[in-house]
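Please open the model in your viewer and keep the sequence panel beside it. The stops below go from the whole chain to a single side chain.

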Amino acid sequence: MKHCASIDLEDWYSDVEHVTPADPAAFASAFNRQLECIESIFDKANVRCTFFTLGRTAERYPEWIKRLHAAGHEIASHGYGHDLLSDLNPSSFRDDIRRSLDVISAIIGVRPKGYRAPYFSLGQGQSWAYEVMLEEGMLYSSSVFPFPGRHYGIGDHSIVPVTVARPGGTLVEMPLSVVKLAGRRLPVAGGGFWRAMPRASIAIAAGMIARENRPLVLYLHPHEFDPQPLHSHKGLARNVYVNLGRQSIASKLSDMLKRFPFAPMCAVVDELSQRGSI
């Protein structure tokens, strides 16, 4: 069983926090630092992953997209504008995902086959998004957190990959990883959860998932690899949150890549299909 490590490739300062830089070159330097760290980790482990790429970030850094693609990483879509699906409708979502696919394919010459909703915002009220994904040629999505979060998640969603059938065809949903303890689901996929969790807890959770013969689906962000402190410009609480535990992320990912076999998500979806697991 191969597992999936993924990076939500976005320019945190410009495209998530929406900070207007006093010095644009400083933000570009930050992004370069972050991507160079990530690239080094995967190269040392001889692992290739999936980069869910935001369209407007790809426009700003096309050379990075070309470089990652040339190295064998999968370039998938994270949409264009980092908008919550709950703020979109089928028409505006179609415009958003199509724009991202057009931008990426113009850079690397290949149209992505995977999609991840910003903030994992594919909830029970956004199931219409699957039909749009199918219309745009998606083979899989990794947009659902099967956990009852405050602002996202579907608490009773399958924790294993599932085939989603719609009139326009079928695609595979690769949910983010959770474990079950004492009848409850605990999120262990990455991001803030990884920053807050001890290394040993992550390893135990990953081992539980592997023993259940389901793929790990992990996610992280470039800004979590920045060796310099982050400045969110959205108040003290936000600033504390984004910096909490961030210095541990690079080594935690390195440890995970040593423990388990990983492959780009498209390859794992293909493997599961061939095995008849989805």
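Begin with the whole chain selected as a C-alpha trace: a compact globule of 278 residues would have a radius of gyration near 19 Å, and the chain, at 18 Å, agrees with that (the radius is taken over C-alpha atoms, and the globule rule is 2.2 Å times the number of residues to the power 0.38). Along its principal axes this trace spans about 50 × 45 × 35 Å. This is a predicted model, in which local features need pLDDT of at least 70 and side-chain atom pairs count only at pLDDT 80 or more, while totals for chains, interfaces and linings use all residues. Residues are numbered from 1 along each chain as its sequence is written, and side-chain values use heavy atoms, with hydrogens and water left out.

Next, switch to a cartoon, where 11 helices and 10 strands can be found (DSSP runs numbered from the N terminus, H or I of at least four residues for helices and E of at least two for strands).

Now select residues 90-108, which form helix 5, and within this helix pick Ser105. Is Ser105 buried or exposed? Ser105 is buried, because its relative accessible area is 19% and buried means under 20%, exposed over 50% and partly exposed in between, with a 1.4 Å probe and protein chains only.

Finally, show the surroundings of Ser105: its side chain reaches the backbone oxygen of Asp102 at 3.2 Å, and, leaving aside neighbours within four places in sequence, Ser105 is in contact with Val110 and Arg111 (contact means heavy atoms within 4.5 Å).

Note on methods. Polar contact = N/O pair within 3.5 Å; in protein donor to acceptor, adjacent residues only side chain to side chain.
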